[in-house]
Amino acid sequence: MSNSPAVNLWTIRDELVADRSGALRRLAGLGYRGVEPFEALDDPAGLRVAAEDAGLAVCSAHSHRFFTADRDAALEAVATLGTDLAIVGTGLPDDAFTGRAALERTADALNALAERAAGYGLRIGYHNYWSEFTARVDGRHALEALADLVTPDVLFEIDTYWAAVGGADVPAVLHRLGARVPAVHLKDGPITADAPHVALGRGAMPTAEILAATPAGALRIVEMKASDGDVFAALAASHAYLNPSSARPG
């Protein structure tokens with residue numbers, strides 16, 4: 001699975017609403033073999049069946065509700081989806097990365113979640129946006145300072161595009177975090193917060209350098225927040241960029 005690109009399903013959220021089975025089959029037809037749900041609690045059993053019927057596996061799963069009363073239900077949903085990698089999407093306080101004291105509280109919350117997740121056979125990963133890199137703690141990117149405060153059981157799904165928007169040297173961050181990174185999100189575009197994304201290799205991101213710095217076993221997950229054109233065409237081009245020898249028509 002780790003050598004075959006996956007897609008975060010936020011990329012095709014509208015298409016999933018219109019025809020979930022058809023949209024998943026289209027992803028498989030492009031050569032993808034893995035998917036990452038953007039909210040594990042959204043019909044986990046049904047999504048797993050639909051994905052498997054299309055020839056796809058759930059490689060990891062996001063939830064925005066790990067720090068709510070739905071925590072255990074969200075963890076159970078990730079397990080139901082058939083993956084062991086639960087990704088914290090959002091849900092932390094807005095000030096979670098603003099200063100040392102706030103960062104210590106964030107670390108405590110993630111450590112507690114990781115301990116709870118272990119009871120479900122799950123690993124916890126944290127997905128960044130840009131504020132974790134624009135914020136500085138002790139002269140470092142706040143996310144990297146956080147990595148020193150959490151236990152080794154807390155991992156990091158680095159969204160390479162948002163890290164770049166936050167001013168990070170993304171390949172250097174990946175090298176420093178090393179095996180703490182079980183997955184990366186790959187986007188491309190002009191490296192601004194609001195612009196539509198484009199197929200990998202067609203924007204300003206140093207994608208080749210990022211891939212070279214990504215741990216060998218890490219999941220490579222393609223995501224687009226928005227696209228100006230046909231999203232499946234962009235996903236086809238992204239798959240061809242990542243695996244040129246297996247390119248197929250979209």
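Biologist: How many aromatic pairs does a search of the whole structure find?

Modeller: This is a predicted model: local features need pLDDT of at least 70, side-chain atom pairs count only at pLDDT 80 or more, and totals for chains, interfaces and linings use all residues. Residues are numbered from 1 along each chain as its sequence is written, and side-chain values use heavy atoms, with hydrogens and water left out. Rings of Phe, Tyr and Trp (its six-membered ring) pair if their centres lie within 6.5 Å; planes under 30 degrees apart count as stacked, over 60 as edge-to-face and the rest as tilted. The number of aromatic pairs found is four.

Biologist: Which kind of pair do the rings of Trp10 and Phe38 form?

Modeller: Look at the ring centres, which are 5.0 Å apart. Then look at the planes. They stand at 80°, so the pair is edge-to-face.

Biologist: How many residues apart in sequence are the parts that this pair ties together?

Modeller: Helices (H or I, at least four residues) and strands (E, at least two) are DSSP runs, numbered from the N terminus. Trp10 lies in the loop between β1 (6-8) and α1 (13-29). Phe38 lies in the loop between β2 (34-36) and α2 (44-53). So the pair ties together parts whose separation in sequence, in residues, is 28.

Biologist: Is Phe38 buried or exposed, or in between?

Modeller: Buried means under 20% relative accessible area, exposed over 50%, and partly exposed in between (1.4 Å probe, protein chains only). The relative accessibility of Phe38 is 23%, so Phe38 counts as partly exposed.

Biologist: Which kind of pair do the rings of Trp130 and Trp162 form?

Modeller: Their centres are 5.0 Å apart. Their planes stand at 65°, so this pair is edge-to-face.

Biologist: In which helix does Trp162 lie?

Modeller: The pair links distant parts of the chain, 32 residues apart. Trp130 sits in the loop between β6 and α5 (131-134). Trp162 sits at residues 160-165, in helix α7.

Biologist: Is Trp162 buried or exposed?

Modeller: Its partner Trp130 has a relative accessible area of 32%, so Trp130 is partly exposed. Trp162 has 4% relative accessibility, so Trp162 counts as buried.

Biologist: In what order do the strands of the open sheet stand?

Modeller: Two strands pair if DSSP finds at least two bridges between them. Nine strands form this sheet, and the pairing is parallel. The order is β3-β2-β1-β11-β10-β9-β6-β5-β4.

Biologist: Which strands stand at the edges?

Modeller: An edge strand here has a single partner strand, so one side of it is left without a neighbour in the sheet. The two edge strands are β3 (57-58) and β4 (61-63).

Biologist: What angle does the direction of helix α3 make with that of β4?

Modeller: Contact means heavy atoms within 4.5 Å. Helix α3 (residues 71-81) packs on the sheet and touches β3, β4, β5 (85-88) and β6 (123-127). Axes are lines fitted to C-alpha atoms, for helices over the stretch in contact, and angles run from 0 to 180 degrees between N-to-C directions. With β4, the angle is about 165°.

Biologist: And what angle does the direction of helix α4 make with that of β6?

Modeller: Helix α4 (residues 100-118) also packs on the sheet, touching β5, β6 and β9 (154-159). With β6, its angle is about 145°.

Biologist: Which residue in β11 stands opposite Leu186?

Modeller: Strand β10 (residues 183-186) runs parallel to strand β11 (residues 219-222), and four bridges join them. Val184 has Arg220 as its bridge partner. Leu186 stands opposite Val222.

Biologist: Which residues of β11 are buried on the side with Val222?

Modeller: Side chains in a regular strand alternate between the two faces of the sheet. Both faces of β11 are covered. Leu219 and Ile221 are buried on one side; on the other are Arg220 and Val222.

Biologist: Which helix gives the largest share of the largest nonpolar core?

Modeller: A nonpolar core is a set of buried Ala, Val, Leu, Ile, Met, Phe, Trp, Tyr and Cys residues joined through side-chain atoms within 4.5 Å. The largest has 77 residues, and those touching the most other members are Ile12, Leu24, Leu27, Phe97 and Leu235. Its largest share is seven residues (the helix spans 231-242), from helix α10.

Biologist: Over the face of which residue does Arg26 lie?

Modeller: A charge sits over a ring if NZ of Lys or CZ of Arg is within 6 Å of the ring centre and within 35 degrees of the ring normal. Arg26 is 3.9 Å from the ring centre of Phe232.
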